[in-house]
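The following exercises ask the reader to work from a structure step by step. Each task is followed by its solution.

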Amino acid sequence: MPPRKQDVRAAWNESPLFSDLKIDILIKNMDQEMVDDVMYETKAAFEQTKIEKDVATQLKTFFENKIEGSSWHCIIGKHFGMSITHATSCLIYFTIKSATAVTKPHHIVLFRSHDRTTE
């Protein structure tokens with residue numbers, strides 16, 4: 001039996017699914033596949049709810065399930081300051097909003113802090 005063809009997802013910035021959004025990546029310290037995961041999950045989360053806390057929880061949970069034993073944090077808001085320490089290649093800071101809206105964008109920081117150990 002021939003191997004099953006894997007579904008190939010377009011990079012978020014090449015996908016027409018994102019044409020209704022304005023996304024600006026301000027800081028990126030992760031590979032493109034992970035950035036694509038962030039964008040697709042963020043879009044899906046905001047389609048389910050507009051509550052920032054719930055979107056943050058969905059992003060955090062997605063990455064903790066994807067990378068077993070990892071500890072992720074997500075901050076979403078319109079005004080905040082931060083001082084963080086993050087794992088190498090596991091940080092993104094970006095803004096997202098409707099391309100047609102006049103409102104301020106949501107600022108999103110997602111980062112991995114450390115690995116959880118199990119005993």
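A residue counts as buried when its relative accessible area is under 20%, as exposed when this value is over 50%, and as partly exposed in between. The structure shown is a predicted model.

**Exercise 1. Classify F62, F63 and E33 as buried, partly exposed or exposed.**

Solution. Step one: the relative accessible area of F63 is 0%, so F63 is buried. Step two: F62 has a value of 24%, which means that F62 is partly exposed. Step three: E33 reaches 52% and is therefore exposed.

**Exercise 2. State the order of helices and strands along the chain.**

Solution. Begin with the count: there are two helices and four strands in the chain. Next, follow the sequence, which gives the pattern β-α-α-β-β-β. For the chain as a whole, 39% of the 119 residues are buried. Among contacts with a separation of 6 or more, 67% join residues 24 or more positions apart.

**Exercise 3. Determine whether the length of α2 agrees with the span expected of a helix, and locate its buried side.**

Solution. Step one: α2 has 15 residues and, at 1.5 Å a residue, should span 21 Å. Its end C-alpha atoms lie 21 Å apart, so the two values agree. Step two: the buried residues of α2 are V55, A56, L59, F63 and E64. Around the axis they cover an arc of only 160 degrees, and therefore they lie on the same side of α2. Step three: the exposed residues K53 and N65 are carried by the face turned away from that buried side. A general rule helps in reading such a pattern: an α-helix has 3.6 residues a turn, so residues three or four places apart point the same way.

**Exercise 4. Describe the largest nonpolar core and the surroundings of L110.**

Solution. Step one: this core holds 25 residues, and those touching the most other members are M39, I92, F94, I108 and L110. Step two: two or more residues each come from α1 (32–48), α2 (52–66), β2 (70–77), β3 (91–98) and β4 (106–115). The largest share, seven residues, is given by α1. Step three: leaving aside residues up to four places away in sequence, L110 touches V38, L59, F63, W72, H73, C74, C90, L91 and I92. As a general tendency, nonpolar side chains in soluble globular proteins are buried together.

**Exercise 5. Classify the ring pairs F62 with F63 and F63 with W72.**

Solution. Step one: the whole structure contains four aromatic pairs. Step two: the rings of F62 and F63 are 5.0 Å apart, centre to centre, with 85 degrees between their planes, an edge-to-face pair. Step three: for F63 and W72 the centres are 4.8 Å apart and the planes meet at 35 degrees, so this pair is tilted. F63 and W72 are both buried. Elsewhere, one aromatic cluster is formed by W12, F18 and Y40.

**Exercise 6. Explain why β3 is described as largely enclosed, and identify the strand β1 as its partner.**

Solution. Step one: seven of the eight residues of β3 are buried, so the rest of the structure largely encloses this strand. Step two: β1 (residues 21–29) and β3 run antiparallel and are joined by eight bridges. Step three: in one of these pairings, I27 has Y93 in β3 as its bridge partner.

**Exercise 7. Find the contacts of E33.**

Solution. Step one: E33 belongs to helix α1. Step two: not counting residues up to four places away in sequence, E33 touches R9 and K66. Step three: E33 and R9 are 24 residues apart along the chain, and 9.9 Å separates their C-alpha atoms.

Note on methods: Residues numbered from 1 in each chain as written. Predicted model: local features only at pLDDT ≥ 70, side-chain atom pairs only at ≥ 80, totals over all residues. Heavy atoms only, no water. Core = buried A, V, L, I, M, F, W, Y, C linked by side-chain atoms within 4.5 Å. Buried < 20%, exposed > 50% of the residue type's maximum accessible area, 1.4 Å probe, protein only. Contact = heavy atoms within 4.5 Å. Expected span 1.5 Å × (residues − 1). Arc of directions from axis to C-beta. Phe/Tyr/Trp six-rings, centres within 6.5 Å; stacked < 30°, edge-to-face > 60°. Pairing = 2+ DSSP bridges.
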